[in-house]
There are 2 protein chains.
Amino acid sequence: MGKKAAIFGATLSLIAEEGLHAVTLAKILDRADVGSGTLYNYFSSKDALLYEMYLKLTEKMANYILSDYDDSVGVRLRFNQLLTRFMEYMIQNFDEQIFIEQYSYILRKSKPDDSVFNNPFRTATAQIYTEGQKQKVILNLDIPILNQIAGGIIISIVKGYKSNKYELDELTKQKILDICWNSIRA
Amino acid sequence: MGKKAAIFGATLSLIAEEGLHAVTLAKILDRADVGSGTLYNYFSSKDALLYEMYLKLTEKMANYILSDYDDSVGVRLRFNQLLTRFMEYMIQNFDEQIFIEQYSYILRKSKPDDSVFNNPFRTATAQIYTEGQKQKVILNLDIPILNQIAGGIIISIVKGYKSNKYELDELTKQKILDICWNSIRA
DNA sequence: GATAATGGATGGAACGTTCAATCCATTATG
DNA sequence: CATAATGGATTGAACGTTCCATCCATTATC
C-alpha cells in the first residue's frame, strides 16, 4: 500500500476512535508505520493533510451517490435513488462522516465560502424538490429546509444505529426512506 | 459575576466560535479575565471543567424542556409540548448544543455508560411513543428509532438555520413541528 | 472601636510535557 | 552512481498544570 493511503487511513480511523481533537501526528505516524519526514513529503502541514482528506472524501461520497443516477424517472424514484445511496454510504463509511462532520465545523470558521458546500449532491436534490413543488407533490418550503429535513433524518438514524441503539434490517431501511419522503410530501 | 460563571461562559463561547479542539486554557483564562490559579481552585483539571459544564448544561436543558409539562393531555399535544420546547431551546441556546454534541462524542469513548444518556426528556418521549403505538396513531417502529427521527429533524433544521441557510419565522416553525409529527404518524 | 491576625481567593510566573515541524543520515530506486 | 524516498532524532513553541506572593474581607485581640 502507498504511504499516502496509509497516512489517510490511519488518520481517519484515529479520528473515528478518539475524535479530531485527540489525534496527534505521533499517533498517525505510529499507526501508519511511517516517519515524519515521509508525511511531510506528501503534506505541507497537519492542516493540509486534513484539508486534502476532506476534499478527497467529500468528492468520493458525491461520486458514489451520483454514480448510475438515472434522472429520467419521476421525482419519487429519483428521491429514492439519492437517499438510498446516501444512507448506504453513511452506513458503510460512517468513519468518514464522523471526520467530515467534525472537520467541516472547523472549515466554516476558517474558509466560510468554501465551494465544497455546494456539492453536486445538493444540486441534484434541489432539482427534485423544485420539480416536486411544481407538481404539488412536495411541501412548499424553502429548498434548503427540505434538504435539512430529509438529510437530517438519514444522518440521525445512522448515528443511532452506529451507537448500537437498534438494528437496521433491510425492511426498516425501506421504512425510513418512506418516512423521509412522507415527511416532505405535500 | 462569579468567577466560575465567567469561566463557564468563556469556555462555551470559545468552543462555539472555534470548536472544542482549538480551545486552550490560555484562551479561556484570557476571555474570562481570570488567573490560572483561580481556575484550578474551582476545577481540578481542564477535563473536569468540561465534564462539569456538560453535566450542568444537559440538566439545564432537561429542566427547561420538562418544566410546566402537562402529561394529562393526549399524545399529539404532549408531543407538541416537548418538541416545541426542544426546538425553542436549541434555537436560543445553540452554543450549548454545539458543545454538548462535540463533548458527548468524547464522553462516549471515555465513559460509555454515563447515566446522562438516559435523561428524563427521552423517558417522556418514549412514554408518548408507546402510548401512541397502542392507539395505532404512531408507526410501529422501535422507540429509539422514532426518537432519532423526530429529534434528527429538529436538530438538522436548527443547524441549517444557524448556518444562515434560511429564516425561521413562527409559521415555518409550526410547519416543522407538524412535519415531525407526520413523519412518525401511522 | 482601633489594630492585628487569619485564611481563602486571586493572578501570574515557572515548570515539565507534548506538540507540530525540521533536519539529516540512511536506504531504496532507476 | 545520481536522485528520490524514508524514518528517527531534534527543535522551539505551545500546552496544561503547579507554585507562590499578593490581595482583601472577615475574625480575633486588646
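The following paragraphs describe a predicted model of two protein chains with two DNA strands, moving from the single chain to the pairing of the chains and then to the DNA.

A good place to begin is chain A on its own. Chain A contains nine helices and zero strands, so that its pattern, when read along the sequence, is α-α-α-α-α-α-α-α-α. Along the principal axes, the C-alpha atoms of chain A occupy a box of roughly 60 × 35 × 30 Å. Salt bridges number 20 over all chains of the structure. One of them joins Arg31(A) to Glu17(A), with 3.0 Å between the closest N and O atoms. Arg31(A) belongs to helix α2 (residues 25-32) of chain A and Glu17(A) to helix α1 of chain A, so this pair ties together parts that stand 14 residues apart in sequence.

The two protein chains can be compared by laying one on the other. A turn of 180° with a shift of 0.0 Å along the axis places chain A on chain B with an RMSD of 0.1 Å. This is the relation of a two-fold axis. The contact between the chains fits into that picture: 35 residues of chain A are in contact with 36 residues of chain B. Of the interface residues of chain A, 97% are also interface residues in chain B, which means that the copies meet through the same surface.

What holds for the area and the chemistry of this interface? About 2800 Å² is buried between chain A and chain B, and 66% of that area is on carbon and sulfur atoms. Between chain A and chain B the count of salt bridges is zero, while six residue pairs are in polar contact, both residues being at pLDDT 80 or more. On the side of chain A that touches chain B, at least two residues each are supplied by α1 (3-18), α6 (94-110), α8 (143-162) and α9 (170-184) of chain A. Helix α8(A) gives the largest share of that side, with 10 residues. Sorted by class, the side of chain A that touches chain B has 15 nonpolar, 10 polar and 10 charged residues.

Attention now turns to the DNA, starting with strand C. DNA strand C is surrounded by 17 residues, and the closest are Leu25(A), Ser36(A), Tyr40(A), Lys46(A) and Asn41(B). Both chains take part through a helix: α3 (36-42) of chain A and α3 (36-42) of chain B each supply at least two residues of the surface near DNA strand C. The largest share of this surface, five residues, is that of α3(B). By class, the surface near DNA strand C comprises five nonpolar, nine polar and three charged residues. Among the atoms of DNA strand C within 4 Å of the protein, 60% belong to sugar or phosphate, and the rest belong to bases.

Individual contacts illustrate both parts of strand C. On the phosphate side, an N or O atom in the side chain of Tyr40(A) is 2.7 Å from a phosphate oxygen of DNA strand C. On the base side, a polar side-chain atom of Ser36(B) lies 3.1 Å from a base oxygen of DNA strand C. Gly37(B) uses its backbone instead, with an N or O atom 2.8 Å from a base oxygen of DNA strand C.

DNA strand D can be read in a parallel way. Around DNA strand D there are 17 residues, the closest being Thr38(A), Asn41(A), Leu25(B), Tyr40(B) and Lys46(B). Of the atoms of DNA strand D that come within 4 Å of the protein, sugar and phosphate account for 61%. Helix α3 of chain A and helix α3 of chain B each supply at least two residues of the surface near DNA strand D, and here the largest share, five residues, comes from α3(A). This surface near DNA strand D divides into five nonpolar, nine polar and three charged residues.

Contacts with strand D again involve phosphate and base oxygens. A phosphate oxygen of DNA strand D is 2.5 Å from a polar side-chain atom of Tyr40(B). An N or O atom in the side chain of Ser36(B) is 2.9 Å from a base oxygen of DNA strand D, and a backbone N or O atom of Gly37(A) is 3.0 Å from a base oxygen of DNA strand D.

How values were computed:
Residues numbered from 1 in each chain as written. Chains lettered and ligands numbered in written order. Predicted model: local features only at pLDDT ≥ 70, side-chain atom pairs only at ≥ 80, totals over all residues. Heavy atoms only, no water. Least-squares fit on C-alpha atoms with pLDDT ≥ 70 in both. Contact = heavy atoms within 4.5 Å. Buried area = accessible area lost by both parts, 1.4 Å probe. Salt bridge = Lys/Arg side-chain N within 4 Å of Asp/Glu carboxyl O. Polar contact = N/O pair within 3.5 Å; in protein donor to acceptor, adjacent residues only side chain to side chain. Helix = DSSP H or I, 4+ residues; strand = E, 2+ residues; numbered from the N terminus. Nonpolar A, V, L, I, M, F, W, Y, C, P; charged D, E, K, R; others polar. Near = heavy atom within 4 Å.
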